[in-house]
Amino acid sequence: MTTPYPFTALVGQDDLRLALLLNAVSPAVGGVLVRGEKGTAKSTAVRALSALLPEVDVVSGCRFSCDPGAPDPQCPDGPHEVVGQNSRAARMVELPVGASEDRLVGALDIERALAEGVKAFEPGLLADAHRGILYVDEVNLLHDHLVDLLLDAAAMGASYVEREGVSVRHAARFLLVGTMNPEEGELRPQLLDRFGLTVEVAASREPDQRVEVVRRRLAYDDRPEEFAARWEADEQAVRARIVAARALLPQVRLGDGALRQIAATCAAFEVDGMRADIVMARTATALAAWAGRSDVIAEDVRQAALLALPHRRRRNPFDAPGLDEDKLDDTLEEFAGEDEDPDPDPDGPGGGQPPQDGPPDDSPAEGGAGDDGDVQPEPSDEQGAAQAPSGPGEQQAVSAGEPFRAKTLSVPGLGEGAAGRRSRARTEHGRTTGSRRPQGALTKLHLAATVQAAAPHQRARGRSGRGLVIRRDDLRQATREGREGNLVLFVVDASGSMAARQRMSAVKGAVLSLLLDAYQRRDKVGLVTFRGAGADVALPPTSSVDAAAARLESLPTGGRTPVAAGLLKAHEVLRIERLRDPARRPLVVVVTDGRATGGVEPVAQAARAAGLFAAEGIASVTVDCESGPVRLGLAGQLAQGLGGSVVTLDELRADAIAGLVRDVQGTHQSQRKQRAA
């Protein structure tokens, strides 16, 4: 068995360690979401925590880890009338990104349920994690329905599995920890809200602290057992403190003054719903217990707010999580209660901070809510909306216009890509459209088709009672139709002809609106720009719509209009992405006035490049940015060459960039009919 890295040997990362320890003290806090760049010890910290948790007593032979002192009366392995018990270490169960629903919640044997009336249930990862830790690396890359199931179980303390009227319930109480890199895409705000605490982590910029990180890691890799032994005394001390805090937790008093501060803080920061208030109350109580106190003080409320509120303040996907600490302090001071200690000492005996050991830990924390904890640096004066020109003919970037609600653009046909909300697709979830023989394990039974397949054989099978005699060959898998996410690739003209401030601002506002739509529909996005002598991939295909918006905002303009280069670059991006993710269908959005210039025969080159998209049936929409009294209609000709549809810039603000392109499929069908004729 691999020796885990000691929790107390972690350098810095105070907020991360504190959030994990608070959940170890009180799992009711609701778990931790750890956001940060790669290589910041996110996974190491979670694995190290599992070694600190006290051993658990379990009913012998129970697959669901029932507590012998209070066995679950609805346990599928119960009832446990004569209880034998044994002790084992608390488990840390990892949920892989590619896990199926059955792997997460468990699987029912539908064949035995129909033929024998037996609830044959194979436990999933939620059952394995009961009374331990469930760790989800890259939680933002999980399918939404799996995240919903996971968070529902964490909130209710139980998991429910239902298949065609057969249901099983078992206890599932665990410490939930998710990690994510925001560069790879955000979680929806509704899912963010379900995590109790969130911590931002980043690598330290202090050379001494980085040296100590490397020194300890190398020592651990060379002799893991010897390294862990040097920290064993500190590990035992933290383990004992967790046990003591759990025992003290029921006795901690959350006074009216502290409750009033919690409510005032949540109201001041305009968080939605009441979950934030409840999580803050539980977190503040856990902080007091961790500090060895029986009363919640103002510093507990402040620390709870810093951990529980930043991720709940996002109003749209482009908002960065964060909290104004000056405003927080003013609110706490204004609503300080009479029962509050006027001068609490959070760093006194048993303070709220995690244990600090070793020489580097006295330096600033590696990550957290401080200035060094931001994953994305603030743009400098030379970046963002105020980016200065850097080359001949280049003009300063302008800010995007006000975004608006865009109607749905969809890819024609029926896909089989990742679950999303844009185009029609065969999916695991959605309306039932038919049945087929199962390929592999049966996941969604089509009951009527199964009965119809079994009915003609009942006499030959010797049926004598009321029940049907079902064989495996009779089972039918339900085929379902739902929606998929697509790859929306923006190909944006940034040449000099687009440089008029009002025009470029409107263009950026339109693309920003489509980015918001892509975020809501769970698409991947990419950005190709073309100007001057060629084209660039400003953003390779990614799930991070935030990154696309940032690149769009800082996009400068100037130079000629190499339309062919932009289209060829986009075609190359799609070719590579097709190898990586062949099931995800693309939708290309070309934003240009169509005035191809530069190079030899620029218009003819653009037409030939467009023909590649039409020949492969790639869905596309062209946004015509031409303005003025005289219009050449070149973007319309380009759209025809692409085999897609076109919308003019004047119609972008009319609530319907997609209104004139209501259905890309209709345009493609008409194009095919014309070519066939």
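I will talk about one small set of strands and then about several salt bridges in this structure, which is a predicted model.

Let me begin with the sheet, in which 3 strands are arranged in the order 12-14-13, open and with antiparallel pairing. Strand 12, residues 419–427, and strand 13, residues 431–436, are at the edges with a single partner strand each, so one side of each has no neighbour in the sheet. From one strand to the next, the twist averages 30°. Between strand 12 and strand 14, the latter covering residues 477–484, there are 6 bridges, and Arg426 has Glu481 in strand 14 as its bridge partner.

Strand 14 also brings us to the salt bridges, since the side chain of Glu484 meets that of Arg585 at 2.7 Å, N to O. Glu484 belongs to strand 14, while Arg585 is in the loop between helix 18 and strand 18, 101 residues apart, and both Arg585 and Glu484 are buried.

Helix 18 takes part in another such contact, where Arg578 forms a salt bridge with Glu616 at 3.5 Å, N to O; here Arg578 in helix 18 is linked to Glu616 in helix 19, 38 residues apart. Arg578 is partly exposed at 38% relative accessibility, and Glu616 is likewise partly exposed at 41%.

Turning to Arg302 and Glu325, their side chains form a salt bridge at 2.8 Å, N to O. Because Arg302 lies in helix 13 and Glu325 in helix 14, the pair ties together parts that are 23 residues apart in sequence. Arg302 counts as buried at 17% relative accessibility, whereas Glu325, at 29%, is partly exposed.

Finally, Asp193, Arg275 and Arg312 are linked in a salt-bridge network, and the structure holds 28 salt bridges.

Definitions and conventions
Residues numbered from 1 in each chain as written. Predicted model: local features only at pLDDT ≥ 70, side-chain atom pairs only at ≥ 80, totals over all residues. Heavy atoms only, no water. Pairing = 2+ DSSP bridges. Helix = DSSP H or I, 4+ residues; strand = E, 2+ residues; numbered from the N terminus. Axes fitted to C-alpha atoms, helices over the stretch in contact; angles between N-to-C directions. Salt bridge = Lys/Arg side-chain N within 4 Å of Asp/Glu carboxyl O. Buried < 20%, exposed > 50% of the residue type's maximum accessible area, 1.4 Å probe, protein only.
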